[in-house]
Amino acid sequence: MEETFDIIPLIHKGGIFRGVEGTTPEEIYEKVSKMIDLPDSMTSEQVYNALCAREKILSTAVGNGIALPHARSPIMKNEEDQRICIVYPKEPLEMKAPDEKKVTVMFILLTHNSQTHLRVLSTLVGLFRKNSFKKLLDEQADEASLLNAIKELD
């Protein structure tokens, strides 16, 4: 079995944002990109533009109320700048998910290279398959609860 990628430091660095107001993914991205603690080499505008450009191509909603917004190509200059931001929109968002469910949680992936991006996706998909983890997302769990669950499920 392939070893899962340790996403805990990336989530800790990215943070969790609850009750983010917006009725479209773009409105959410605009707010969140200004809330994220970014490295000096990156601006909130760059993050916002990258997320919106990717969303225009195809929805990042994957089903079960989950979306995985990300840039078309890695945007972080350094490995240590990578992060995953977990966003709970105030109201569920219509994002054309394959199962037609509205999005209640977003994992915004800001990575340094394609390999890391794919390893993060693989790890997240594994977590999304666990009912106990999905339940935490439905409850809008805080960082400590989510990180503990990831450690236990790994």
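Visitor: Let's start with Glu100: buried or exposed?
Guide: Keep in mind that this is a predicted model, where local features need pLDDT of at least 70, side-chain atom pairs count only at pLDDT 80 or more, and totals for chains, interfaces and linings use all residues. Residues are numbered from 1 along each chain as its sequence is written, and side-chain values use heavy atoms, with hydrogens and water left out. The scale is relative accessible area: buried is under 20%, exposed is over 50%, and partly exposed is in between, using a 1.4 Å probe and protein chains only. Glu100 has 69%, so this residue counts as exposed.

Visitor: Where does Glu100 lie?
Guide: We need the element names here: helices (H or I, at least four residues) and strands (E, at least two) are DSSP runs, numbered from the N terminus. Phi of Glu100 is near 65 degrees, a positive value in a residue other than glycine. As for its place, Glu100 belongs to the loop between β4 and β5.

Visitor: And Lys96, what is its phi?
Guide: Lys96 is also in the loop between β4 and β5. With a relative accessibility of 72%, Lys96 is exposed. Its phi is positive, though Lys96 isn't a glycine, and comes out near 55 degrees.

Visitor: What order do the strands take in the sheet?
Guide: Two strands pair if DSSP finds at least two bridges between them. The sheet is open, has 5 strands and shows mixed pairing. One parallel case is β1 with β4, over 4 bridges, while β4 (residues 83-89) and β5 (residues 105-110) are antiparallel. The full order reads β1-β4-β5-β3-β2.

Visitor: Which strands stand at the edges?
Guide: An edge strand here has a single partner, so one of its sides is left without a neighbour in the sheet. That applies to β1 (16-20) and β2 (61-63).

Visitor: How many bridges join β4 to β5?
Guide: Some facing residues are easy to pick out: Ile86 is opposite Phe107, and Val87 is opposite Met106. These two strands run antiparallel, and the bridge count is 5.

Visitor: Which residue of β3 stands opposite Met106?
Guide: Strand β3 covers residues 66-67 and runs parallel to β5, with 2 bridges joining them. The β3 residue opposite Met106 is Ala67.

Visitor: How many residues of β4 are buried?
Guide: In a regular strand, side chains alternate between the two faces of the sheet. On one side of β4 are Arg83, Cys85, Val87 and Pro89, on the other Ile84, Ile86 and Tyr88, and all are buried. Pro89 also faces Val20 of β1 across the pairing. The tally of buried residues in β4 is 7 of 7.

Visitor: Which residues of β5 point the other way from Val105, Phe107 and Leu109?
Guide: β5 is mostly covered, with 6 of its 6 residues buried. Both sets of side chains are therefore in the buried class (under 20%). The set opposite Val105, Phe107 and Leu109 is Met106, Ile108 and Leu110.

Visitor: Which residues does Ile7 touch?
Guide: Ile7 is in the segment before α1 (8-14), and is buried with a relative accessible area of 1%. Contact means heavy atoms within 4.5 Å. Leaving out residues up to four places away in sequence, Ile7 touches Ile84, Val120, Thr123, Leu124, Leu127 and Ile150.

Visitor: How far apart in space are Thr23 and Ile75?
Guide: Thr23 is in the loop between β1 and α2 (25-35), exposed at 63% relative accessible area. Along the chain, Thr23 and Ile75 are 52 residues apart, and their C-alpha separation is 25 Å.

Visitor: What radius of gyration does the protein chain have?
Guide: The chain has 6 helices and 5 strands, and its C-alpha trace spans about 35 × 35 × 25 Å along the principal axes. The radius is taken over C-alpha atoms, and the globule rule is 2.2 Å times the number of residues to the power 0.38. For 154 residues a compact globule would be near 15 Å, which agrees with the chain's 14 Å.

Visitor: Last one: what share of the residues is buried?
Guide: Of the contacts between residues at least 6 apart in sequence, 66% join residues at least 24 apart. Among the 154 residues, the buried share is 47%.
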